[in-house]
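Work through the exercises below with the sequence and model open. Try each task before reading its solution.

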Amino acid sequence: AELSPVSSQWTGIPESQVGMAAEMALSHRAPPALVLNFSTCSLPARCSGSAAKSLLFRFLPFLRWMPRYPIKDWLLGDILSGFSVGIMHLPQGIGYWHNSVGPFAVISVMIGSLTESLVPSENFLESVNGSNATVNEELRDAARVELVATITVLTGIFQVALGLLQFGFVVTYLSDPLVRGYTTAASVHVLVSQLKNVFGVSQGENSGPLSLFTVIDLCKKLPDTNVGTLVTAIIAMVAILIVKELNHKFAAKLPMPIPIELITIIVSTGISYGVNLNDKFGISVVGNIPSGLKPPVVPNFSYFGQVAGNAFAIAVVGYAICISLGKIFALKHGYKVDSNQELIALGLCNFLGGFFQCFAISCSMSRSLVQESTGGNSQVAGVIASLVILVTILKIGELFRDLPKAILSAIIIVNLKGMFKQFSDLSSLWKSNKVDLLVWIVTFIATLLLNLDIGLAASVAFGLLTVIFRTQLPRYSILGRISDTDVYRDVVEYEMAQEVPGVKIFRSSSTIYFANVELYSEALKKKSGIDVDRLIEKKKKALKKLKKQQKKLEKEKAKRKKVSPSLPQNAEDGPGLSVIELNAGESTAPSEPTLHSLGLPQPTFHTVILDFSPVSFVDTVSIKILKNIFRDFHEIEVDVFIASCSVSVLAQLERGNFFSSAITKHSFFPSVHDAVVHISRERQQASVST
């Protein structure tokens, strides 16, 4: 097939002439043609062994790189990285849930708030021997684990389905300012949820919109603070912060970061067990941690209807965080991330893990950075980290029953430091982009006040509104030519750009559709420097007046014929009357009155060129307004041409019945310069002819 350089349309070429077509394309003086040889193609494509192999490698990428794994170069780094990340997983996993793989603060809060609303502690109050009612934590936690497992399975189903349907692009609706504002607000929710463990006070559970204001209730209970719990949390936070700073400062010299979280857990557990902090000082501890792997359990399907919306939000947020981090490292190390494959992989982890009462997973910035900085090169590092966690689940987990909850809260709060650094976005966005700043602020406030699920929906809706707002207020400009080139730029921004005499080249920075096409038309008329609508109105009035005059003359002529029918026609009419009769009579074709003949001002330009390079699509409304633009400028004797229109837009115009006898494809040119050259040639030929 040949892509014609002139018409930009596909034309079929017999197989025997492919070589000739290529030779013609090479010798063609016009812009180069594209010749594609389809002689070996068979349509429709049939499944083959190579296609199946390619599909298998796509869904199981480790089959491609594992046989070529460079053991000498990568194995040591992967082992060190795996142990480092596995050690980090332990305290973070215990902090977020009993059996947690890949915990992430935002996802944890989203699921935690949902479990608190659907399975509140009030449903498990028990009274023993007439005493005050207490919460049966064992039954409550079992019910919540069942709910969480159901949410995780449903989250996985959504992610796998979106991946198979090639919906990886949905993450594009989560802009970077939106994600950063959202995760910052979620970090505030995490912080507030941990304060009760830091101060050692009891607080009722509350979720849903305005749940953040429970911090007011917490402040009222500060006089009841458990001093031992507060001191424990402060000491842990200070120690973790200091060691983390040392890890950062001496990262190049240390073979692996000091696992301060794990050290803190081990030391504090030992002290708590030895001193009996729970009984002597009333410091709350984790309590029983089940060991061993749970048998697979079918999720409770009755929850699906209640948690479907939240599960979808968790699926999207978890994927957005994961793909965002993936793109950061892909850019740094020079590889490409398959967004749909990431969705499928993440979804399968959640779907299968949910049957084993696992927690919905995502990526963690801190663990990912540690894995990358300690030499992790492949998924082998993830395997090592998983083995470390597996050993902990099977044997070691039960040893941490005396671990103070304040220590876990301290670990979580310290690890939010990176999230809170995102507040610095406010100053940078203020300098760079005010709209993105507004998206960040609205997302942050909406997520704080409306909670994580409703806040996400409101934030995405607002983000899309800003896109619509920006397309409604694009930048309109008149282009001029930079001398001795075929480059055209805004005459306001470029001093060297000069308007082509008699030609107005108009450009919008956005596509045109129903929401902004009226503004496009108004801006075009305003930029042209003449009141088009007013001139058309004057022309209509002048034509109406002329028509009345002609009718009056015809009546007078008819009267004179009746009075003196024997007189010759020319003598009867008198001087000048025969000219009007010639124009108005039926024996000759009437000529169109011009602005000049009507005594109206003429535009200083004769042509308008619409630069369609930013236009990616058109709809029925924009097609209608474009027709009106052609009609209105034709009324004031100005030609309209369209340049740089894509093939897809041209096809949409054709399907929308844009073309007619008045508007033909001869009005379209591949570039602005081509249109200018054509107009200049036509004007020269017209002047020579005249």
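## Exercise 1: a nonpolar surface patch

Task: find which residues make the nonpolar surface patch of about 640 Å².

Solution. The members are Leu210, Phe213, Ile216, Ile441, Ile445, Leu449, Leu450 and Ile454. Patch residues have over 30% relative accessible area and no salt bridge; nonpolar side chains (Val, Leu, Ile, Met, Phe, Trp, Tyr) are joined within 5 Å, and like charges within 9 Å. Areas come from the Shrake-Rupley method with a 1.4 Å probe, and for residues only the protein chains shown count as cover.

The model is predicted: local features need pLDDT of at least 70, side-chain atom pairs need pLDDT 80 or more, and totals for chains, interfaces and linings use all residues. Residues are numbered from 1 along each chain as its sequence is written, and side-chain values use heavy atoms, with hydrogens and water left out.

Next, locate the patch. Helix 19 (residues 434–472) gives the largest share, 5 residues. Helices (H or I, at least four residues) and strands (E, at least two) are DSSP runs, numbered from the N terminus. Ile216 sits in helix 8 (residues 214–220). Its relative accessible area is 45%, so Ile216 is partly exposed. The classes are buried (under 20% relative accessible area), exposed (over 50%) and partly exposed (in between), with a 1.4 Å probe and protein chains only.

## Exercise 2: annotated spans

Task: state which residues UniProt lists for "transmembrane region", then check two spans in the model.

Solution. The unreviewed UniProt entry lists residues 147–174, 227–246, 258–275, 311–331, 343–367, 379–396, 403–420 and 440–469. UniProt positions are given in the numbering used here, feature names are shortened, and annotations may be inferred rather than shown by experiment.

Take residues 311–331. The span is 100% helix and 0% strand, with its end C-alpha atoms 30 Å apart. Now take residues 379–396. Here the chain is 94% helix and 0% strand, and the end C-alpha atoms lie 25 Å apart.

## Exercise 3: salt bridges

Task: count the salt bridges, then describe three of them, starting with Arg180 and Asp425.

Solution. A salt bridge is a side-chain nitrogen of Lys or Arg within 4 Å of a carboxyl oxygen of Asp or Glu. The count is 17. Side chains of opposite charge can pair when their charged atoms come close.

- Arg180 and Asp425 meet at 2.5 Å, N to O. Arg180 is in helix 7 (residues 176–199) and Asp425 in helix 18 (residues 425–432), so the pair ties together parts 245 residues apart in sequence. Arg180 is partly exposed at 27% relative accessibility. Asp425 is buried at 10%.
- Asp632 and Lys525 meet at 3.0 Å, N to O. Asp632 is in helix 24 (residues 620–635) and Lys525 in helix 20 (residues 517–527), 107 residues apart. Both Asp632 and Lys525 are buried. Shared partners join Lys525, Asp533, Arg631 and Asp632 into one salt-bridge network.
- Glu499 pairs with Lys504, with the closest N and O atoms 3.1 Å apart. Glu499 is partly exposed at 35%, whereas Lys504 is buried at 14%.

## Exercise 4: helix 21 and a loop contact

Task: compare the span of helix 21 with the expected value, then find how Leu600 is placed relative to Ala542.

Solution. Helix 21 (residues 532–563) has 32 residues. The expected span is 1.5 Å times one less than the number of residues. That gives 46 Å, and the helix reaches 47 Å from first C-alpha to last, close to expectation.

Buried residues of helix 21 include Ala542 and Lys557. The C-alpha atoms of Ala542 and Leu600 are separated by 8.5 Å, with their positions 58 residues apart along the chain. Leu600 lies in the loop between helix 23 and strand 10. Leu600 is buried, at 15%.

## Exercise 5: positive phi

Task: where do Asp484 and Ser644 lie?

Solution. Most residues other than glycine have a negative phi. Asp484 has phi near 65 degrees, a positive value. Asp484 is in the loop between strand 6 (476–482) and strand 7 (488–490). At 77% relative accessibility, Asp484 is exposed.

Ser644 has phi near 60 degrees, also positive. Its loop runs between strand 11 (639–643) and helix 25 (647–655). Ser644 is partly exposed at 22%.
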